[in-house]
Amino acid sequence: MSSSPFFPRSCHQARVSIIGAGKVGSTLAQRVAEKNLADVVMLDVLEGMPQGLALDLMEARGVEGHDRQIIGTNDYDDTANSDIVVITAGRPRKPGMNRDDLIEINAKIVKTAAKEAVARSPEAILIVVTNPLDVMTYVAWEASQLPCRRVIGMAGVLDAARFKTFISMELGVSIQDIKAMVLGDHGQLMVPLPRYTTVDGIPLMELMDTQTIERIVERTRNGGTEIVELMKTGSAYFAPASSVSLMIEAILLDQSRIVPAAAYLQGEYGLRDLFIGVPCQLGCQGITQVLELELDEGERAAFQASAESVAQHLKQAKEILSGSTLG
């Protein structure tokens, strides 16, 4: 069969590699493939597990009707030439643990994953999901040596989604009419912003009293903990996977979407040398712009406290890694 100018022999197929094929990673692989966004590589240290998951997802193609390739592997070489690398690898929380309890274990895992993946895909954009999110994003950036705008932490999309969900449940309105904004770390000191949250353009503060808003804000801060305590043997994965999928779609389709995400700050909001949740413009180059919101005195104080907590835990992570045998 002769080649045709309309059907070239080789076309670039977007490739997303997911480091860690647990529940978040495997659910994300399903989302990306079934949305027809990219071919997917799932890597995990457990032999056979990512291969089995990949085969299962490939067999689902006959029902879902897409032609995306899904590979399971234990070898970083199979992730080469990825457009996006997502790091979900790490130990999940258990009941009674907070995200910060995971620093020592997960910092070493994330450092290795970032170095190994980016060595094979030096042009990739890196999305970090492993907790504690803001600190692990910094660890991945430092290990990968990528430009800071190509390293992004997934947290704000998930936190805003939870905030929107609880507002929708309280008001009995479609979640499609709700726009929400969340700043700060992915933890107890996150800063949901009711003042920048609307329902079909109507400010949230005109639809709810202060006490109700405060209750929803607190539930948003504890959204992940609530799920951990209910499940007892695991943590959230459907909503986190959907959140990363949204970010991947914004990047691969160059949508220039405004989303809250953990970005490296270089003076924005008066902060430097840390990753923390802020509104970002997201497209094919990664973060193209960090948007600075006008914060009132209370919001600014809460955001500053969140940043101080991230800086403290980052110092702890650096101390751990400085004594590590990892290169």
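This is a guided tour of a predicted model, one selection at a time.

**Whole chain**

Start with everything shown as a cartoon. The chain carries 10 helices and 14 strands. Its radius of gyration is 20 Å, close to the 20 Å that the globule rule gives for 327 residues, so the chain is as compact as a globular protein of that length. Along the principal axes, the C-alpha atoms fill a box of roughly 70 × 50 × 40 Å. Colour by accessibility next. Buried residues account for 51% of the 327 residues. Now turn to contacts with a sequence separation of 6 or more: 69% of them join residues 24 or more positions apart.

**Helix H1**

Select residues 23-34. This is helix H1, with 12 residues. At 1.5 Å a residue it should span 16 Å, and its end C-alpha atoms are 16 Å apart, which agrees. Which residues of H1 are buried? Pick Val 24, Gly 25, Ser 26, Thr 27, Leu 28, Ala 29, Val 32 and Ala 33. Show what surrounds them. The buried residues of H1 pack against four strands and two helices: S1 (15-19), S2 (39-43), S3 (70-73) and S4 (84-87), plus H2 (49-59) and H9 (238-252).

**Just past H1**

Step to Lys 35, in the loop between H1 and S2. Buried or partly exposed? Lys 35 has 41% relative accessibility, so it counts as partly exposed. Leave aside neighbours within four places in sequence, and Lys 35 is in contact with Ser 245 and Glu 249. Display side chains here: those of Lys 35 and Glu 249 are joined by a polar contact of 3.5 Å. For a longer ruler, go from Lys 35 to Ile 287. They are 252 residues apart along the chain, and their C-alpha atoms are separated by 22 Å. Then check the backbone at Asn 36, just after H1, where phi is positive at about 60°.

**Annotated binding-site positions**

Make one selection from the UniProt record. Its unreviewed entry lists these under "binding site": Gly 20, Ala 21, Gly 22, Lys 23, Val 24, Gly 25, Asp 44, Asn 106, Val 129, Thr 130 and Asn 131. Visit three of them.

- Gly 20 sits in the loop between S1 and H1. At 6% relative accessibility, Gly 20 counts as buried. Beyond residues up to four places away in sequence, Gly 20 touches Gly 25, Leu 43, Asp 44, Thr 88 and Ala 89.
- Asn 106 belongs to helix H4 (residues 103-120). Its relative accessibility is 0%, so Asn 106 counts as buried. Outside the residues up to four places away in sequence, Asn 106 touches Gly 90, Arg 91, Thr 130, Asn 131 and Met 136.
- Asn 131 lies in the loop between strand S5 (125-128) and H5. Asn 131 has 19% relative accessibility and counts as buried, since the cut-off is under 20%. Follow the side chain of Asn 131 to the backbone nitrogen of Leu 133, at 3.4 Å.

**Aromatic rings**

Show Phe, Tyr and Trp as sticks. How many aromatic pairs does a search of the whole structure find? It finds eight. A pair of aromatic rings is described by the distance of the centres and the angle of the planes.

Zoom in on Tyr 138 and Trp 141. The pair is edge-to-face, 5.3 Å centre to centre with 80° between the planes. Tyr 138 and Trp 141 are three residues apart in helix H5 (residues 133-144), so about one helical turn separates them. Both are buried.

Add Phe 275. Tyr 138 and Phe 275 also form an edge-to-face pair: 6.1 Å centre to centre, 90° between the planes. Why does this pair tie together parts far along the sequence? Tyr 138 lies in helix H5 and Phe 275 in strand S13 (residues 272-283), so the pair bridges parts 137 residues apart in sequence. Tyr 138 has a relative accessible area of 4% and is buried. Phe 275, at 1% relative accessibility, counts as buried too. Finish the view with Tyr 264: ring pairs link Tyr 138, Trp 141, Tyr 264 and Phe 275 into a cluster.

**Annotated domain**

Last selection: residues 158-319. The unreviewed UniProt entry annotates them as "domain: Lactate/malate dehydrogenase C-terminal". The span is 45% helix and 23% strand. Its end C-alpha atoms lie 29 Å apart.

Methods: Residues numbered from 1 in each chain as written. Heavy atoms only, no water. Expected span 1.5 Å × (residues − 1). Buried < 20%, exposed > 50% of the residue type's maximum accessible area, 1.4 Å probe, protein only. Contact = heavy atoms within 4.5 Å. Phe/Tyr/Trp six-rings, centres within 6.5 Å; stacked < 30°, edge-to-face > 60°. UniProt positions renumbered as here; feature names shortened; annotations may be inferred. Polar contact = N/O pair within 3.5 Å; in protein donor to acceptor, adjacent residues only side chain to side chain. Rg over C-alpha atoms; globule rule 2.2 N^0.38 Å.
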